[in-house]
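Visitor: Could you pick one chain of this complex and take me through it closely, then show me how it sits with its partners? I'd like the whole story in one go.

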Amino acid sequence: MEDTGAVVAFWILAAITVGAALGVAAVRNLIHSVVLLIVSFAGVAGLYITLSADFIAVVQILIYIGAIAILIIFAIVLTPRAGRLNQEGFMFLPALVLAALVAGTMIFVAFDTSWAISEREGFEDTATAIGDLLLGKYALPFEIASVLLLSAIIGAILLVRPEGAEEGPE
Amino acid sequence: MDSVNLEHFLVVGAVLFAIGLYMTLAKRNFVGVLIGIELMFNGVNLTFISFSRFVESAEPLNGHIFVIFVITVAAAEAAVALALAVLLYNLRDTIDVDRMDLLKW
Amino acid sequence: MAILLSGEWYDLRDLANPIRELIDGLGLPDAADYVLWSLIAALAIVTWLVVSVIAFIWIERRLVALMQNRIGPNRVGPAGLLQPIADAIKLLLKEAITTRDADRLLFWLAPIIVFIPTIVVFAVVPFGESMVLADLNVGVLFVIAVAGIMTPAIFIAGWSSNNKYALLAAMRTIAMLISYEIVQVLALLSAVLFIGSMNLGAFVSWQDEYNTWLIFIMPLPVVAYIIAGAVEINRSPMDLSEAESELAAGYHTEYGGIKFGFFYQAEYMAGFAVAATVTTLFLGGWTLWGLEEWIPGWIIFLGKLYAVFFLYIWSRATLPRLRIDQLMAFAWKFMLPLMLVNVLVIGAEVVVWEETGASRNIALPAIGALNATLAVILVVGWARVLGHGSGRQRGYRATLTQEIGKIYYTGAEAS
């Protein structure tokens, strides 16, 4: 991508994404952490757009910001006495070292490998093609995913259901 | 600096993944751990999409399909894990993972 | 960004041409040119939005007053026309209070975040022929996704105020928004199924080509979308997030001055956003059966948009507010099953139409009639099943409220 707009957009969005993600780990207050997480998700959605993945970008906003961030907020608000602190446990240093090693390895591999870069331009209309693939070639995983979601819903409801819940207005 | 390639996106994905990994391993609050897992998902998804865009392939959209399934699983995982957090809180009044030591010797 | 020269004096788009020449004369690189153009177009949209909001503050107050047999604001300027400006000056001059122990940064940030989704939606809405800022392929999904940003913004507002009513209202709003988002998605899904595209422009051109509006073909999802839209924009009878009788003023209890003004204006803008979506998707957008040849498309579009918005004003003036459990039950027990059945039916109709290859003059009226009948049967039948049948008192009737939140039921089914 040599287009000036795309390059500028990439650097801005990458800075937002990584900066917000660092903030998520560093900030002390858990609610601030979630807000920064939302910013980071939005940055990733923007990066998807620079990669011409418009459908995935919109899905990212819809699911990550609209659903998962909200779920996390619910979990924080529903556990009031557990504290809103975002501090590290005793595994702080080993975790930092391991994460740095993993990041270093992956970045090294990314630059060391000679990828089979294609000359293809960005995708034109991903939504239709993804729909065709999902209901054609990947129909079975698609159905399994829906069963997985259903079982997750039922499981989540069963887990938080209070003991001896009443059966509605009787 | 004047052009953006696959490597740039891979670095962003790797950094996101590492931050998520660090949070998952180090945070004491269960919700913090979950946030870390979501960040890792995002790093992986970004990597998938950038490969899908840049790398030579017969069916380049397969990366997008994979990301859709990752997002589906992430949503299911978030719902169940947060239900677990609320359940743990109801049972033990804390969601500090360092104090979840019932099975410790 | 293609610029058309229609040559008609009333065509707004031609106004852009002098600016176009000016910018082309600067000799900027492509990217800067694009950014500049987008900024100008965005500025035009925002200007229209703000002017509409100011106008509708006055129109709504006068209309509601008329419906309720009052007079309404009539003191400032002729017929009270300057009332919104007086309100704005009042809000601007008020002290910007931050409550003690509030989360200062988030408290300050929330009114701004609330603004984002309401404005961004208009980027994909076609105001007229080739009058669309970003012609996205996934426009319908974009509209839903962007509206979802509202949810965290409202939570941030409620949480950072450090006020229990604000937090309660915020949690309540989130629960409502998420429930009705599902209804909204399913309503739009049936429309997308039928049109076969998620581009808002494609919706307009489909309805233009087939000389009909989607509301005549599938009334049920349109009604569901309008109801869910009322929840999304917090308008009565669904304005439970600011139910002043229960929650002080809802999630913006602690906001005063211009910060409150931001919420107030964002609410109107969200209303216009929902009305614009309804207009584009279900009411034919900027087309009106050939009349767009004579009247500029954007005037038709705005006329329809304001007509839809009038529905919300009307319902606000006439309907009482629902209780929160009624609202949630309505979403999950009533709308959701109906919408699921509806998606199934529309999908079947699309397949049957394709298989039989019937001509559009037969197929569209048949599908419309079938859907309308089915809508009536489904609504009445499902209401009967849920125990809200007419006349026979099959439902639960609350006769005695002993404690707050607990209602004792008596009657035939209360055994």
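Guide: Let's take chain C, which has 14 helices and two strands; helices here are DSSP runs of H or I with at least four residues, strands are E runs of at least two, and both are numbered from the N terminus. Keep in mind that this is a predicted model, where local features need pLDDT of at least 70, side-chain atom pairs count only at pLDDT 80 or more, and totals for chains, interfaces and linings use all residues. As for labels, residues are numbered from 1 along each chain as its sequence is written, while chains are lettered from A and ligands numbered from 1 in the order in which they are written.

Confidence first. The model scores ipTM 0.88 and pTM 0.85. Chain C averages a pLDDT of 80, and 87% of its residues score at least 70; pLDDT is the predictor's confidence in each residue, from 0 to 100. Within chain C, the low point is strand E1 (residues 397–403), with a mean of 50, and the high point is helix H9 (residues 219–232), at 89.

Now the packing. Of the 415 residues in chain C, 38% are buried. Buried means 20 or more other C-beta atoms within 10 Å of a residue's own, exposed means 12 or fewer, and partly exposed is in between, with C-beta atoms placed from the backbone. Among the chain C contacts with a separation of 6 or more, 75% join residues 24 or more positions apart; a contact needs C-beta atoms, placed from the backbone, within 7 Å.

Helix H4 (residues 104–120) of chain C deserves a stop. Its 17 residues reach 26 Å from first C-alpha to last, close to the 24 Å expected at 1.5 Å a residue, where the expected span is 1.5 Å times one less than the number of residues. H4(C) also has a kink of about 35 degrees at Ala110(C), shortly before the proline Pro111(C); the bend is the angle between axes fitted to the seven residues ending at a residue and the seven starting there. Both Ala110(C) and Pro111(C) are on the buried list of H4(C), along with Phe107(C), Ile113(C), Val114(C), Pro117(C) and Thr118(C). An α-helix has 3.6 residues a turn, so residues three or four places apart point the same way. The cover over the buried residues of H4(C) includes helix H5 (139–160) and helix H11 (257–282) of chain C.

Two loop residues are worth a look for their backbone. Most residues other than glycine have a negative phi. Ala79(C), though not a glycine, has a positive phi of about 55 degrees, and it lies in the loop between helix H2 (30–67) and helix H3 (83–93) of chain C. Ala79(C) is partly exposed, with 13 other C-beta atoms within 10 Å. Asn162(C) isn't a glycine either, and its phi is positive at about 60 degrees. You'll find Asn162(C) in the loop between H5 and helix H6 (164–195) of chain C, and it counts as partly exposed, with 16 C-beta neighbours inside 10 Å.

H5(C) turns up again at the border with chain A. There, 24 residues of chain C are in contact with 19 residues of chain A. H2, H5 and H6 of chain C each supply at least two residues to that side, and H5(C) gives the most, with 11. By class, the chain C side has 21 nonpolar, three polar and no charged residues. Nonpolar covers Ala, Val, Leu, Ile, Met, Phe, Trp, Tyr, Cys and Pro; charged covers Asp, Glu, Lys and Arg; the others, Gly among them, are polar.

On to the partners. Chain A also meets chain B, through 76 residues of chain A and 64 residues of chain B. On the chain B side, helix H1 (6–26), helix H2 (30–54) and helix H3 (62–92) each give two or more residues, with H3(B) giving the most, at 21. That chain B side has 46 nonpolar, nine polar and nine charged residues. Chain B averages a pLDDT of 86, with 97% of its residues at 70 or above.

One last helix, back in chain A: H2(A) is mostly covered, with 18 of its 21 residues buried. Right after H2(A) comes Ser52(A), whose phi is positive, near 60 degrees.

How values were computed. Contact = placed C-beta atoms within 7 Å.
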